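Please open the model in your viewer and keep the sequence panel visible beside it. We will move from one selection to the next, pausing at each to see what is there.

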Amino acid sequence: NGMVRRTAAQWLAEFGPNAKTALTGLLDSLKSNDAQLQSESALAIGKIGGTAGSARQALVMLIAKSHDYASRASAAFALIEIGHAQDGFQELMQQLTNQDEHVRESALSRLLELDTFSTEYTKQFGAYIRGETKVENIVLALKIAEKLNVKDKRLISYFWELVKSPIVTEPVKIAAVQALAVLDDHSERLFYVLKNQITTQKKYSNIRIMKTYKKIQDYFDLK
């Protein structure tokens, strides 16, 4: 039963490295025609970690043969987690160039689950962020940069542009502020920039913009 197997794979993922004894069954599930089962099984393999290094060939094969981008993103995540980072990052970075915003979102979701980022792909990731147009994807990308310490001068400069822009949407602006607070060694400048912007925006009585800056101020108060 497909549902039972998918549920089992999800359950095994919760066990992390302790699910090593189920690796053979998970590898078998990667051969299924059920894309969701493939995806859940790949994620479970990734959660096992380095001791599942022998799964590389099966995961690479899934990426090569599957037409389901979500399954491929899960396989890429697993490859990174089991110690074959280059194979995994290549697939996820490639998916970020896809014209389908949902494919890009799926790849971003997998990147956000990681604990480390390959500096080899920092510039490529930065180029992606600067070209992304979907608000939800930009926010995800900013969260990835914050969590995984993805930074270079051009990327930080772009984050400052987002913070200073009067037309950037609230979720993006807040995510950019939070990313800069972690990534920029001179993040104390944020206080002065935000204070100046709040003073300026009061002149226009823009309630939405004022609410945005109030949330940003609250964020810093919590820190």
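The tour below starts with the whole chain and then visits helices and single residues in turn.

**Stop 1: the whole chain**

Keep in mind as you look around that this is a predicted model. Colour the protein chain by secondary structure, and you should find 13 helices and 0 strands. Reading from the N terminus, the elements run α-α-α-α-α-α-α-α-α-α-α-α-α. Now colour by accessibility: of the 223 residues in the protein chain, 50% are buried. If you display contacts between residues at least 6 apart in sequence, 64% of them join residues at least 24 apart.

**Stop 2: helix 3 and helix 5**

Select residues 35-48 for helix 3 and residues 69-81 for helix 5; their axes come within 8 Å and cross at roughly 10°. An angle under 35 degrees counts as roughly parallel, and helix 3 and helix 5 are therefore roughly parallel to each other. Their crossing is left-handed. Which residues make the contact? From helix 3, show Ala35, Gln38, Ser39, Ala42, Leu43, Gly46 and Lys47. From helix 5, add Ala70, Ser71, Ser74, Ala75, Phe77, Ala78 and Glu81. Colour this contact by class and you get 7 nonpolar, 5 polar and 2 charged residues.

**Stop 3: Gln95**

Next, select residues 85-95, which form helix 6, and pick out Gln95 there. Is Gln95 buried or exposed? Its relative accessibility is 2%, so Gln95 counts as buried. Show what surrounds it: leaving aside neighbours within four places in sequence, Gln95 is in contact with Tyr69, Arg72, Ala73, Val103, Arg104 and Ala107.

**Stop 4: Asn149, in a loop**

Move along to the loop between helix 9 (135-148) and helix 10, where you will find Asn149. Check its backbone angles here. Most residues other than glycine have a negative phi. Asn149 has a phi near 60°, a positive value in a residue other than glycine. With 45% relative accessibility, Asn149 counts as partly exposed.

**Stop 5: helix 10**

Select residues 153-164 to bring up helix 10, which has 12 residues. From its first C-alpha to its last, helix 10 reaches 17 Å, close to the 16 Å expected at 1.5 Å a residue. Now show the side chains of its buried residues, which are Leu155, Ile156, Tyr158, Phe159, Trp160, Leu162 and Val163.

**Stop 6: helix 10 against helix 11**

Keep helix 10 on screen and add helix 11, residues 170-183: the two pack at an angle of about 140°, with their axes 8 Å apart. Helix 10 and helix 11 are therefore oblique to each other. The crossing of helix 10 past helix 11 is left-handed. On the helix 10 side, select Ile156, Phe159, Trp160, Leu162, Val163 and Lys164. They meet Val172, Lys173, Ala176, Val177, Ala179, Leu180 and Leu183 in helix 11. By class, this contact of helix 10 with helix 11 has 11 nonpolar, no polar and 2 charged residues.

**Stop 7: Ala181**

Stay in helix 11 for the final selection, Ala181. Buried means under 20% relative accessible area, and Ala181, at 18% relative accessibility, therefore counts as buried. Finish by drawing a C-alpha to C-alpha distance from Ala181 to Glu146: they are 35 residues apart in sequence and 8.5 Å apart in space.

Conventions: Residues numbered from 1 in each chain as written. Predicted model: local features only at pLDDT ≥ 70, side-chain atom pairs only at ≥ 80, totals over all residues. Heavy atoms only, no water. Axes fitted to C-alpha atoms, helices over the stretch in contact; angles between N-to-C directions. Helix = DSSP H or I, 4+ residues; strand = E, 2+ residues; numbered from the N terminus. Parallel < 35°, antiparallel > 145°, perpendicular 65-115°, else oblique. Left-handed = near helix turned anticlockwise from the far one by under 90°. Contact = heavy atoms within 4.5 Å. Nonpolar A, V, L, I, M, F, W, Y, C, P; charged D, E, K, R; others polar. Buried < 20%, exposed > 50% of the residue type's maximum accessible area, 1.4 Å probe, protein only. Expected span 1.5 Å × (residues − 1).
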